[in-house]
Amino acid sequence: MSTLNRRRLLQSMIAAPALAGLTPALRAFGGEDALIDSAAKAIDVFDFEPLARAKLPPAHFGYLATGVDGDATLRANEAGFANHPLRVRRMVNTQTIDTRVSVFGTTWETPIFLVPLGSQRAFHPDGELGTARAARSKKHLQVLSTVSSTSVEDVNAARGEPVWYQLYPTDQWPVAEALVARARNAGCPVLVLTVDLQGGSNRVTLARSIPRDSRDCTACHATSRTRLSGFIADKPMFDGLDISAVTDITPPDMTWDYLARLRDIWPRKLVIKGIVTREDAELAVAHGADGIIVSNHGGRAEDSGRSAIDSLAEVAPAVNGRVPVLMDSGIRRGSDVFKALALGADAVGVGRPYIWGLASFGQEGVERVLEILRMEFSIAMRQAGARSVAEIDASFLVDHRRA
Ligand SMILES: Cc1cc2nc3c(=O)[nH]c(=O)nc-3n(C[C@H](O)[C@H](O)[C@H](O)COP(=O)(O)O)c2cc1C
């Protein structure tokens, strides 16, 4: 290899991490110069991704970025929105718009919520507390993960009101009972059972990132990272529980009957997260779910190659308003939020982008991500001629049978 070629190769290797995730237009401006130095300077959520990548240890960024196998589902999630172009209307007075939604009797200023996302202190020392304070200041719904790095009690205090609690029940019923009791005592109004990791998940990008991390992981993590009990031993929601027999965060033999078991110990709203087909939506409703989250775990569960927005297009008509249908996976822009609502979602969850913000600037970064998505969503509503969320329906989507 010539010296010039070698230099070019080295330059591209150095530039690549900072450039990944930038829009093509920004990429044209070059490498490190493009990194923002304050949250206020972010123009869209993608401004935070290269900064998060630059700031985080490789294994932690790998944990955030990873999909499964060749990341086909992850890519499909973002690309899928292009399959649902909008039909926008003109000459509508949208000087005043109403972005509010109601879910389970609570009204939110915006349909955008913060998904459950584990181990947030791996991304910033503020962790879930930074997210909770941002959710509080911007008035968003937050869902807390079972594998959070901060307890539900502390998060509720930082949020100023109880969050929704996401449940990984584990394969030990007494552990599930204890987690549910704790969420109940903490006043959480909604329990979200995640059902999309039952088959395991082959996180190739994460596995590739770990050897690039030269730090001593045992300085922060419990020593036995290879066993699940080692992983969850770090997590405050498992404090005081006997987790020695836990081998899975989801019972491998879980079927729809499990909802009835949960019902016996959880009297409040029960939502099932991870539904991607009409059949399972029907079964969830038939087994008493109060709500559904259409999600493929941000492309971290199955290697189906199918986008969550396409799944929503199948699920929402099947549910037909019987229970709220929420959606996440791949939301990056306000127009994505608009499309999900047009396809029948009642609220729309954002995942990695708020963590890019958290990793970059803590609470302030999360706030800026929320601000940007809200601003983009309001523009999308005005541009489309929708005066309220209630007006956003399938008429704003191209009907492929007629187009
Ligand atoms: C790093 C990471 C950790 C996650 N942890 C959880 C979790 O603990 N519980 C859960 O139900 N979903 C978890 N998810 C999935 C999210 O709730 C959500 O479905 C997904 O992030 C949405 O996709 P997006 O990141 O493309 O927005 C996690 C996702 C990521 C990226």
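Helices (H or I, at least four residues) and strands (E, at least two) are DSSP runs, numbered from the N terminus. With that convention in hand, leucine 343 can be placed in the loop between H14 and E10, and we will come back to this residue below.

First, a word on the model. This is a predicted model, in which local features need pLDDT of at least 70, side-chain atom pairs count only at pLDDT 80 or more, and totals for chains, interfaces and linings use all residues. Residues are numbered from 1 along each chain as its sequence is written, and side-chain values use heavy atoms, with hydrogens and water left out.

## Overall picture

The protein chain holds 16 helices and 10 strands. Of its 403 residues, 54% count as buried, where buried means under 20% relative accessible area, exposed over 50%, and partly exposed in between (1.4 Å probe, protein chains only). Contact means heavy atoms within 4.5 Å. Among the contacts in the protein chain with a separation of 6 or more, 71% come from residues 24 or more positions apart.

## The sheet

An open sheet of 8 strands, with parallel pairing, follows the order E3-E10-E9-E8-E7-E6-E5-E4. Strand E3 (112-114) and strand E4 (143-144) stand at the edges, each with a single partner strand, so one side of each has no neighbour in the sheet. Two strands pair if DSSP finds at least two bridges between them. The table lists some of the parallel pairs, each with two residues that stand opposite one another or are bridge partners.

| Strand pair | Bridges | Residue pair |
|---|---|---|
| E5 (residues 164-167) and E6 (residues 190-194) | 3 bridges | Tyrosine 165 and leucine 191 |
| E6 and E7 | 5 bridges | Leucine 191 and leucine 270 |
| E7 and E8 | 4 bridges | Isoleucine 275 and valine 294 |
| E8 (residues 291-294) and E9 | 3 bridges | Isoleucine 292 and valine 325 |
| E9 and E10 (residues 347-350) | 3 bridges | Aspartate 328 and glycine 349 |

From E9 the chain crosses through helix H14 (residues 334-342) to E10, and this β-α-β crossover is right-handed. That term applies if, with the strands pointing away from the viewer, the path from the first strand over the helix to the second runs clockwise. Two other right-handed β-α-β units are worth tracing on screen: one is made by E7, H12 and E8, and another by E8, helix H13 (residues 308-319) and E9.

How much of strand E7 (residues 269-275) is buried? Of the 7 residues in E7, 6 are buried, so the strand is largely enclosed by the rest of the structure. In strand E9 (residues 325-328), Val325 and Met327 point one way while Leu326 and Asp328 point the other way, and all are buried.

## Back to leucine 343

Is leucine 343 buried or exposed? Its relative accessible area is 16%, so leucine 343 is buried. Leaving aside residues up to four places away in sequence, leucine 343 touches His84, Ile309, Leu312, Ala313, Ala316 and Leu397. The C-alpha atoms of leucine 343 and phenylalanine 396 lie 9.2 Å apart, although 53 residues separate the two along the chain.

## Helix packing

Two packed helices are described by the angle between their axes and the distance between the axes. Here, axes are lines fitted to C-alpha atoms, for helices over the stretch in contact, and angles run from 0 to 180 degrees between N-to-C directions.

Helix H12 (residues 278-286) and H13 pack at an angle of about 35 degrees, and their axes are 8 Å apart. In this contact, Arg278, Glu279, Ala281 and Glu282 of H12 meet Glu314, Val315, Ala318 and Val319 of H13. By class, the contact has 4 nonpolar, no polar and 4 charged residues, where Ala, Val, Leu, Ile, Met, Phe, Trp, Tyr, Cys and Pro count as nonpolar, Asp, Glu, Lys and Arg as charged, and the others, Gly among them, as polar.

For H15 and helix H16 (residues 363-384), the angle is about 145 degrees and the axes are 6 Å apart. This contact has 6 nonpolar, 3 polar and 1 charged residues. H15 is mostly covered, with 10 of its 10 residues buried, and just after it glycine 362 takes a positive phi of about 65 degrees.

Helix H4 (residues 58-65) has Ala59, His60, Phe61, Gly62 and Leu64 as its buried residues. These pack against helix H3 (49-55), helix H9 (204-209) and helix H15 (352-361).
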